[in-house]
Amino acid sequence: MRRSCLTNAVSGYNSCSFIAGAATDVGYEGLYQTNADIITPSEQKCFDIRGLPSSILGTYIIGGPAIFEYGGQAFTSVLDGFGKINRIEIRNGHACFATNMLQSSFWNSSIKAGHIAPGALFTETKPPRKCPFYNPACDMMAKSDNNWVNSVHLSGGGDKIILLSDTTTMIDYDISSMTVSGVHKFDDHMTKLFEVNALGSAHPHTDGHGGFIEFGVESGISDYVDIYTVDPSDPRARRLMARYSSKSSPYLHSFGVTANYAVIPHNINLEMAAMLESDGLLSKAMKGSFEGVNVVKLERAGASAPSDAITFHPNPFYHVHVVNSFENASGVVFDVSTYQDTPFSGPMTDIGAARTKSVRDAEKLRGVIKRYHFGLVGDQKGVATEEVLSLPGRTTDFPKINQNFAGKPYCIYYAVEWFHDDRTFGSMAVLKHNLCTGTRTYWFREDWYPSEAIFVPNGIGESEGVLLLVVLNGRMQTSHFVVADATDMHTLAEFQLPVRIPFTGHAEFFQGVFSSVRGVANTSDATIVI
Ligand SMILES: [Fe+2]
C-alpha cells in the first residue's frame, strides 16, 4: 500500500490519498473488544509532555464502552457496553492517565448479580436476559445510567462533572476519585403536571456563562419539547427557554442552538408502546419518521408560556451529530451529519457487524455533513435549502469545532472520517474541513483508528489550537494519546497509553480543572514532535 499527500489547486482537496488498493484495516476489531484494565487515580501513569503550548492545562475526559460480555452473556450493540471513563490530566509538563469503570447502577447491579442486569438496552444480549415472573417489566423499571457518552462541567464546579446520555438521567461524577456521586437531581418545577421527563440529549450547548443549554421531552397527557438552561449558580434548577407542543416523543441525540433559536430535527420517534412491548429495547421503540425541522425562539431571560415552533420540511434526513448552527440575515444555518436511514444500527453500533470485515465493508449507509438554511424573514421565510459539505462516499461524523465559534458564523469543523479510502469502513482519519477555503486536511495513519478529536484553543484564530485524541494502533493493539496541531494537523506530541481503549464516545477538555489527587508516579517520556 502506498500513500501520497496531494493538494488539488482546483478543488482545494488536500489529503493523504490512497494510490491503489483498499486499506487493510488491521486490528479494527480492537475497538469492539473488551478491555477491563483499571488504573485508579492513585496509580495514575504520567508522561513528560513539556513543550506543549502552555495554555493546554486541564483535564481530558473520554468515556466509552469497555466490557462487551459478562457472566456468559454478550452485548450485541456497542452502545450498551459497560462504560469506562478515561482521564488524562495535563499540568506541570506532565500528562497523567487513569481509567476506571463507570460505577453506574447498571454496572453495580450486574456485578452483584453475576450477569448482565436488567436495564433498557438498544438491542438484547446473547443469550437474552429474562425478567422474573414477579417483575415482567424489570428492564423498563431499572435505572438507565450507563452514561459514558458525554460529559459537561459547570463553571465553578471544581472537580465535579456531569455524565450524560440520551436520557434525562444525569450522573454526578468526581474526576478526582473517578467515582459516581449519584444521580444529578433537579429540584425545580419545570416539568408540567402529569408529565414525565423521558428523553434528553447527550449534547448540551454552552450558554456562554459557564452553564449549559439542554433539550428534553415531556411525555404524558401530551408531548412537549423543552429547551432549558442550567446555570452554575444554581445547578439543581432548570430554567425554561422554550417549550412547544409535539405530536410525538422525538428522540434526538443532538440539536442546534444559535444566539436566538434552537434547531430541532424530528426524525425518530420513541414509541412507548413498542418500548413496553419489547421490555425496554430502544431499537424496537425508535421509529424513523421525518416530521420536519423545528426552529423555535429562545427566551434567554426565561420562557413562561409555550412557544410556536416554525416547522420546515426539507428532504427527509436522519441525524446523529450537529456540527454548528448560526444566524444570518435571512434565517438560520444548520450544519449536521445526516443519514439516509436511521443511523443506530449497522457496523457503527452492531458489534457482530463491526467485527466482521466483509459485513462492515458492505455497509451502504453514509453519514454526510449537510448545510441547511431555514428562512425566517422576507421571501425566504419558511423556505428550506440544503447543500452537501462532506464527501458523500465517506462517513463523516463526530464533528467538533472551536467552541468560541459555537452558535456563530464559522469556517472550520473537525470530524472523524470512515471509508477514508472510499471503500473500507475501517479506513479512518481525522478531517479538518475549512468551509471558507474549501480545503480538507487530514490526520491519518494506516491501521490506526482515531477517536473524536476535541479542539482546545490556544489563540484567537479559529484554528489556533490543538486537537486531542485517543487512537488505537490496530497492528499493535495499543492505544495512544495524540496532540495534533489544529492548523496543519501534524502531530505535536504522543504517548502510548498503558491500556487499550476500545470504542469511545465524546471527549471533553476542561480547561483549568484538575484532580485533587496530587503526586506524579511512573513518569515516562512522551514523543514530542514539535
Ligand atoms: Fe454523540
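These exercises work through the core, a sheet, a helix and some backbone features of a predicted model.

Residues are numbered from 1 along each chain as its sequence is written. Because the model is predicted, local features need pLDDT of at least 70 and side-chain atom pairs count only at pLDDT 80 or more, while totals for chains, interfaces and linings use all residues.

**Exercise 1. The core**

Task: State how many residues the largest nonpolar core has, and find which strand gives the largest share.

Solution.
- Step 1. Fix the terms. A nonpolar core is a set of buried Ala, Val, Leu, Ile, Met, Phe, Trp, Tyr and Cys residues joined through C-beta atoms within 7 Å. Buried means 20 or more other C-beta atoms within 10 Å of the residue's own; exposed means 12 or fewer; partly exposed is in between, with C-beta atoms placed from the backbone.
- Step 2. Count. The largest such core has 142 residues. Val295, Leu467 and Leu468 have the most contacts inside it.
- Step 3. Find the strand. Strands (E, at least two residues) and helices (H or I, at least four) are DSSP runs, numbered from the N terminus. Strand E32 (residues 465-473) gives the largest share of this core, seven residues.
- Step 4. Look around Leu468. Contact means C-beta atoms, placed from the backbone, within 7 Å. Beyond its neighbours within four places in sequence, Leu468 is in contact with Tyr60, Ala453, Ile454, Val456, Val483, Ala507 and Phe509.

**Exercise 2. A four-stranded sheet**

Task: Give the strand order of the open sheet that contains E24, then explain why E22 and E25 are its edges.

Solution.
- Step 1. Write the order. The sheet runs E22-E23-E24-E25, with antiparallel pairing. Two strands pair if DSSP finds at least two bridges between them.
- Step 2. Mark the edges. Strand E22 (318-328) and strand E25 (384-388) each have a single partner strand, so one side of each lacks a neighbour in the sheet.
- Step 3. Add the twist. Neighbouring strands are turned by 20 degrees against each other on average, direction ignored. Axes here are lines fitted to C-alpha atoms (for helices, over the stretch in contact), and angles run from 0 to 180 degrees between N-to-C directions.
- Step 4. Check the register. Eight bridges join E23 (residues 331-339) to E24 (residues 368-375). Ser337 has Ile369 of E24 as its bridge partner, and Asp335 has Arg371.
- Step 5. Cross to the edge. Five bridges join E24 to E25, again antiparallel. Tyr372 is bridged to Glu386 in E25.
- Step 6. Place Thr385. This residue lies in E25. Thr385 counts as partly exposed because it has 14 C-beta neighbours inside 10 Å. Its contacts, leaving aside neighbours within four places in sequence, are Tyr372 and His373.

**Exercise 3. One face of a helix**

Task: List the buried residues of helix H1 and say why they line one face.

Solution.
- Step 1. List them. In H1 (residues 105-113), Phe106, Trp107 and Ser110 are buried.
- Step 2. Look down the axis. The buried residues fall within an arc of 95 degrees, so they line one face of the helix. The arc is that of the directions from the helix axis to the C-beta atoms.
- Step 3. Name the packing partners. The buried residues of H1 pack against strand E5 (69-70), strand E7 (82-91) and strand E8 (94-101).
- Step 4. Read the end. Gly114, just after H1, has a positive phi of about 85 degrees.

**Exercise 4. Backbone exceptions**

Task: Locate a cis peptide bond and two positive phi values in residues other than glycine.

Solution.
- Step 1. Recall the background. Most residues other than glycine have a negative phi, and most peptide bonds are trans.
- Step 2. Find the cis bond. The bond from Lys126 to Pro127 is cis, with omega near -15 degrees. Pro127 sits in the loop between H1 and helix H2 (138-141).
- Step 3. Take Asn92. Its phi is near 55 degrees. Asn92 lies in the loop between E7 and E8. With 13 other C-beta atoms within 10 Å, Asn92 is partly exposed.
- Step 4. Take Asp447. Its phi is near 65 degrees. Asp447 lies in the loop between strand E29 (439-443) and strand E30 (448-450). With 19 other C-beta atoms within 10 Å, Asp447 is partly exposed.

Conventions:
Contact = placed C-beta atoms within 7 Å.
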